Amino acid sequence: MADTMIHKALAVLSQFYGYKSFYPLQRQVIHHVLAGGDALVLMPTGGGKSLCFQIPALISPGCAIVVTPLLALMKDQVDALQANGIPAAAVNSQQTEVQNREVVEQVYAGRIKLLYISPERLLTELDSWSADMRISLIAIDEAHCISQWGHDFRPEYTRLNVLKKRFPTVPVVALTATADRLTRTDILTQLGISGAKMFVSSFDRPNIRLAVETGLSGKQKLAHITRFIERHPGESGIIYCLRRKNTEDMAASLCRLGFNAKAFHAGMTTAAKLRVQREFINDDTPIICATIAFGMGIDKSNVRWVIHSNMPRNIEGYYQEIGRAGRDGAPAEALMFYNYNDMVTLQHFAMESGQSDINLEKLRRMQQFAEAGVCRRRILLNYFNEAFDHDCHNCDVCSSPPERIDGSKLAQMALSAIKRTHEQVGASMVVDILRASRKAELVQAGYDRLRTYGVGRALSFAEWNAYMLQMLQLGLFDVAYDDAHHLRITPFGEEVLYGRATVQFTRWQPRQLKAAKKKAVGGTAAAQHDTNRQLFELLCQTRADLAHRQGVPPSVVFSDKVLHIMAAELPVTSEQFGRLYGVGEYKAQRYWQPFTRVIAEWKARHHGQLL
Ligand code: ADP
Ligand code: ZN
């Protein structure tokens, strides 16, 4: 019995989605739900939550009700299902009442397998639904919204407790990507499904490469970001900035350099925000410079990179934001910048926040991640209480482990400069003194006559910035937040200054540049990669044309991952095309011609260059 059920599920997976195997826990959830059980599913973004209810919905008689709070996402989800030949529809305020009534009629007639609806709308609809409505299961997406403990509480969700009472035998599946222990049990209580089975998958996102770059000034950062984007031509990405103004400046700078970038922040009008979101989803504007407000209502599978232009306040926020990259499972990159100023600003924020103890502790954990001497993924997952006991080989620390050096001499230079200025300077002035800057402010104060003036000129600005940060962390000096951020030497700092104690630093190294160089000497493999890249871009163009004609986002036609596989496997017949990963029967029939035509032409042109 169980076997036939899973066989059916696998057949549906292949027929409608073109996938050959389940992601972790999907099989177990599907099995449990098909057997009539309630479930709470916790999976990270991109973990494959949707299939956990879509497949049972396709196999069971009747229609599944999918409750989701984000109106903007509803249409994309329904479009994506329809694009796979699955009869799905939505009832919501964006459609006319005539359209909505038609949809309900179709549900009664058994012609819809999945009905998407907002919680408030469902509760009003329920009264008019008769017992003839055959409901296969109820899925509650973004289920953390039901809990006051969660970070996105929505009062209308709490009224969903009527569902289990009204449909006691219909399985309820609650799904979320964010739920601590308290929220988890609260979800079950609130929905009246305390007997539900919990499925918690790993929160690891192995396809996202993690990297942190320390010590760069604003200008150097922009140069770095520019180079980074150049290495990702045509790909979509998000740059998170600390403040609204930074998002605008960053977008303007990138546009001046010839990139297609736009800003997004909470200060914009709703219409402007929606427009930017749409352009991003449709691949019309590939780069968004945003405050954290961006991303909530966005279900875009091909975000290829996320840059944090400043260090985030805590690991929760960081992880949620980088999680917007690589939802399609193809390789993605998360790059974070972190310098002395960030640290000072964030400490200031944390101290002035209502809960300074908690926020300072969270910031300290974030900082440990940024300064990591061991695999970054280990730090992240351990933070979320997940035992992760091996190196990931997909972070900058794994690929070039940091080198420890004796930092005592360097620390003495900096501490001595602080001492000789009578602790009347901030970190940037210390670095200027050490590097023999001719800034007017420095010369006027007579700091160019100090003994320490210029003793550190062998090191770059970035190196000094990074080491000042390490000194702050090691507790060699404090920052006087109430006195222009001037530095105060601590007792431990005195010990180091007078040679009674030593300190170790992590050697500063520009990681990203090293990685870029390595890639450049790839030889024939690189040439092959380039030709595939050209084909990939042609396939993207074909996808964009088709998507445009159908009025859907490009990712609804095919994800980037599918196009990459297409560019590698080069199918030219409908059979070959239909066997590709991510190509279900419906899409095979609909799309094999335009795509295989492009591939065949390209093959003819590049005859000699292929293996
Ligand atoms: P979530 O809702 O958990 O963020 P989705 O359900 O949107 O994740 O799935 C993320 C991506 O992974 C989608 O592009 C989806 O089609 C794909 N996916 C889901 N399950 C599988 C699978 N078993 N095999 C391959 N791809 C899958
Ligand atoms: Zn690692």
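1. Start with the overall fold. The chain has 28 helices and 17 strands. Its radius of gyration is 28 Å, close to the 25 Å that the globule rule gives for 611 residues, so the chain is as compact as a globular protein of that length. Bear in mind while you look around that this is a predicted model.

2. A word on dimensions and burial. The C-alpha trace spans about 90 × 65 × 45 Å along its principal axes. Of the 611 residues, 54% count as buried.

3. Now find ligand 1. It has 15 residues around it, and the closest are Tyr19, Gly46, Lys49, Ser50 and Arg327. Sorted by class, the shell holds six nonpolar, seven polar and two charged residues. Which element gives the largest share of that shell? That would be helix α3 (residues 49-59), with three residues.

4. Have a look at the nitrogen atoms of ligand 1 too. One nitrogen is 2.8 Å from a polar backbone atom of Ser21. With Tyr23, the partner is a polar side-chain atom, 3.2 Å from a nitrogen of the ligand. Gln26 also uses its side chain: an N or O atom there is 2.9 Å from a ligand nitrogen. On its own, ligand 1 has 560 Å² of accessible area, and the protein covers 86% of this.

5. Strand β5 (residues 135-140) is a good one to trace next. Six of its six residues are buried, so β5 is largely enclosed by the rest of the structure. It pairs with strand β2 (residues 63-67) in the parallel sense, over four bridges, and Val66 has Ala139 of β5 as its bridge partner. β5 also runs parallel to strand β6 (residues 172-176), joined to it by three bridges. Here Ile138 is matched with Val172 in β6.

6. Strand β9 (residues 236-240) deserves a similar look. Is it enclosed by the rest of the structure or open to the outside? Five of its five residues are buried, so β9 is largely enclosed. In a regular strand, side chains alternate between the two faces of the sheet. In β9, Ser236, Ile238 and Tyr240 point one way, while Gly237 and Ile239 point the other way, and all of them are buried.

7. What does β9 pair with? Strand β12 (residues 303-308) is one partner, parallel and held over five bridges, with Ser236 standing opposite Val303. Strand β11 (residues 287-290) is another, also parallel, with four bridges to β9. In that pairing Gly237 has Ile287 as its bridge partner.

8. Don't skip Arg376, which sits in helix α16 (residues 376-383). Is this arginine buried or exposed? Its relative accessibility is 2%, and the cut-off for buried is under 20%, so Arg376 counts as buried. Its side chain makes a polar contact of 2.6 Å with the side chain of Asp396.

9. Last stop: Met198, in strand β7 (residues 197-200). With a relative accessible area of 34%, Met198 is partly exposed. Check Val41 alongside it: Met198 and Val41 are 157 residues apart along the chain, yet their C-alpha atoms are separated by 6.1 Å.

Terms used: Residues numbered from 1 in each chain as written. Chains lettered and ligands numbered in written order. Predicted model: local features only at pLDDT ≥ 70, side-chain atom pairs only at ≥ 80, totals over all residues. Heavy atoms only, no water. Near = heavy atom within 4 Å. Polar contact = N/O pair within 3.5 Å; in protein donor to acceptor, adjacent residues only side chain to side chain. Areas by Shrake-Rupley, 256 points an atom, 1.4 Å probe, with all protein chains shown as cover. Helix = DSSP H or I, 4+ residues; strand = E, 2+ residues; numbered from the N terminus. Nonpolar A, V, L, I, M, F, W, Y, C, P; charged D, E, K, R; others polar. Buried < 20%, exposed > 50% of the residue type's maximum accessible area, 1.4 Å probe, protein only. Pairing = 2+ DSSP bridges. Rg over C-alpha atoms; globule rule 2.2 N^0.38 Å.
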